[in-house]
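User: Hi! I'm new to reading protein structures and would like some help finding my way around one. Could you walk me through it, feature by feature?

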Amino acid sequence: MNHCCEELVPPSDSSFETFARPVADWQARLPAGLSRSLEASDQNLGHLEEEILRMTRDLERKLLEAVAQKKADQSPPVCPVCGHQLSRCTRDHPRTFQSRFGPGTVKRLRGWCRRCREWRFPADPALGLSETGGASPSVQEMAALTVSKMPVQEASAVIERLTGVTLPPATLDREARRQGRRAAKKRTQLDAQMRAAAGGQQVLPLPQQPFTLVIELDAWNIRERDDWGQTGKKRAAGQEPSRWHWVYGGTCFRLDQRVASESGRAHILSRGTGMTRGGVDDLREQLFAEAQRHGLAQAAKVLVVADGAVWIGNLAGDRFAPAEQRLDYYHASQHLWAVAHALHPEDEVAARVWIAPLLKQLKDGRATTLLKDLRTLAKRLRKKQRQAVQSEIAYLESHRGRMDYAAARRGGEPQGSGAMESTCRQYQCRFKRPGQFWSCAGDEGLMCLETFWRNDRWHLLSPHILHGNPSRN
Ligand SMILES: [Zn+2]
C-alpha cells in the first residue's frame, strides 16, 4: 500500500489574474482619494505618501497572501529536514503569519516523515516561516534590526509608525531573540568555513601590493542577572551573585583602508569586528575568521594594538603569533602620569612640569632612555614612593618593545586602539542603558545581530534583501 502523497493534486489556481480587477478598481479610485489631499491647502507630500500607503496596503496584503498560497501549493510533499517522501498527507492546515502588509494566512499540506518520526509542513521553510514564530522573513528582519539597535518598547513603536506593522513588545522580544540565536548559529557556520579554508568567497578583494593588517582589541562590562530571585538565597550561602561580566571585542582592517577625514580624524573604510560574551576563546575564533576575511594570510605585516591586558597578549600570541604588538599610547602615558602623581601627590602643576619631557621621550619612541631615567630616579626615592614608581617601571618594562610611537607615526600606523574603543562605546549605547539587565544568551544574540550589520553581512541573515551596503561603521 502506498502512503505517498505524490498524487495529491494542488488546489485550484489562485493566479495573478485574480488581481486584475482589484488593481483596476484601485487605480480608478486612487486619484479621486488623492485629489482631496491635493485640494486641501494644509496637506503636503507627507499626507499623500500616507494616503497612498493606506489605500494600497490591503491590496498588497491580499496579493502576498495569494502568491504565498501558490508557493505553498507548489511545495513537494517531501520532508524539508531529511528529504524523505512524506506519508499520511492532509491538506488545508492554516498558518497565520504577520507580514509587512499585515496579517495573512496560508493553507498548507501536512505529512508524516517516517525517517524523522515527525509531522512536517514542507511549505513553511519554503516560505521562510520558522517552526514557532509567526513572522514573515521581512518582519523577522524588522525585529532583528530594530531590537539590536534600541530597547524593545521603543522598537515596537518605531516599527508601527514606519511600517504600520503591529508587533506588541513581548512578541517582538521573542522574535528578536529567535533571530539572535539564528545569527549566532550562522556566525559559527561562517567562521568554521574560514577555519577549514572553505570560505574563499568570504575573503574581501585584496590589493596587489604588500599591505599591513591592523588588529585592535578591547573589553567592556555588561550587567546580567541570570539568577533571578536567587539573590537572597545566594547571599545566605555566602555567595555574592555576580552581575558584571566581560564582553570581549576585536576589530581588524587593512592599513590602507584607514584614511583621514576632512577634519583630520582617522576613518576606516572597511573593517571586520568581533564582539562576544562567550569569553576570550570565542573572541579568538571570531577574530581569527574576521582577520582571514581581511587578508591575514596575505598580509606583509600584522600589527596588534591594545591596552596591554594579559588576555590580549595571550590571544595575540595564540592566533597572531608573528604579529608586531603595540601598547596603546594613552595607556602607556597613564602609567607615566601615575609616576608623576606619586612624585607630586598634591601639586598638579609640578606633576605637569615633571612629566612633559618624559611624554616627549615616549612619543619620540625613546622608551629605552625613558626607562633608564626612571630607574635612576627610583633609586633616589624613599621606600613608599620608590615602590610606587617601580611598579610602573615594571609595567612599562614589560611592554618595552611595544612603545615605538615614532615608528608608528612614520609608517602612518595607529598609535592607539581608539578605533576599537569607540566601537565598544557604540555597543554600550545599546547594551548599557540605565536599569538594563541582560541574560547571557539574550545579549550574545543581539550583539551578534549588531555585528552582522556592522560587518556588512546583514544580507546573509536576510537573503531577501539585495546586497547593497546598508551599514557603515
Ligand atoms: Zn525527515
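Analyst: Sure! Keep in mind that this is a predicted model. Let's start with a single residue, Thr276, which sits in strand β8.

User: How do I read its surroundings? Is Thr276 buried or exposed?

Analyst: The idea is to look at relative accessible area, where buried means under 20%. Thr276 has a relative accessible area of 0%, so it counts as buried.

User: Okay, and which side chain does the side chain of Thr276 join in a polar contact?

Analyst: That would be Glu444: the two side chains are joined by a polar contact of 2.6 Å. Beyond its neighbours within four places in sequence, Thr276 is in contact with several residues, including Arg187, Trp246, Tyr248, Asp282 and Gln286.

User: Now a contrasting case, please. Where is Gly200, and is it buried or exposed?

Analyst: Gly200 is found in the loop between α6 and β4. Exposed means over 50%, so Gly200, at 56% relative accessibility, is exposed. Here's a way to link sequence and space: Gly200 and Leu217 are 17 residues apart in the sequence, and their C-alpha atoms are 25 Å apart.

User: What about the nonpolar cores? How many residues does the largest one have?

Analyst: A core like this is a set of buried residues of certain kinds, joined through their side-chain atoms. The largest nonpolar core here has 33 residues, and those with the most contacts inside it are Leu172, Trp220, Met275, Phe431 and Met447. At least two residues each come from α4, α5, α6, β4, α15 and α16, with α16 giving the largest share, six residues.

User: Can we zoom in on Trp220? What is it in contact with, leaving aside its neighbours within four places in sequence?

Analyst: Among its contacts are His245, Trp246, Val247, Met275, Tyr427, Phe431 and Met447. Apart from this core lies another one, of 28 residues, including Ala332, Trp337, Val339 and Leu359.

User: Next, empty space. How many cavities of 30 Å³ or more are there?

Analyst: A cavity is space where a probe fits but cannot get out. There are three cavities of 30 Å³ or more in this model. The largest holds about 100 Å³, and of its 13 lining residues, Arg187, Glu290, Arg293, Asn455 and Arg457 are the closest to its centre. By class, that lining has three nonpolar, five polar and five charged residues. Elements that each supply at least two of its residues are α6, β8, α8 and α16.

User: And what is the volume of the second largest cavity?

Analyst: About 40 Å³. Its lining includes Glu141, Gln179, Arg182, Leu449 and Trp458, and α6 provides the largest share, three residues. The classes here are five nonpolar, two polar and two charged.

User: Last one: what is the volume of the largest pocket, and which residues are the closest to its centre?

Analyst: Unlike a cavity, a pocket is an open set of points. The largest pocket has a volume of about 850 Å³. It is lined by 28 residues, and the closest to its centre are Pro125, Leu129, Ser130, Glu131 and Arg182. Two or more lining residues come from each of β3, α3, α4 and α6, and α6 gives the largest share, seven residues. By class, the pocket lining has nine nonpolar, seven polar and 12 charged residues.

Terms used:
Residues numbered from 1 in each chain as written. Predicted model: local features only at pLDDT ≥ 70, side-chain atom pairs only at ≥ 80, totals over all residues. Heavy atoms only, no water. 1 Å grid on protein atoms, 1.4 Å probe; cavity = no way out; pocket = protein on both sides within 12 Å on 5 of 7 lines; lining within 4 Å. Points joined across faces, edges and corners; volume = space filled by probe spheres on them. Helix = DSSP H or I, 4+ residues; strand = E, 2+ residues; numbered from the N terminus. Nonpolar A, V, L, I, M, F, W, Y, C, P; charged D, E, K, R; others polar. Buried < 20%, exposed > 50% of the residue type's maximum accessible area, 1.4 Å probe, protein only. Polar contact = N/O pair within 3.5 Å; in protein donor to acceptor, adjacent residues only side chain to side chain. Contact = heavy atoms within 4.5 Å. Core = buried A, V, L, I, M, F, W, Y, C linked by side-chain atoms within 4.5 Å.
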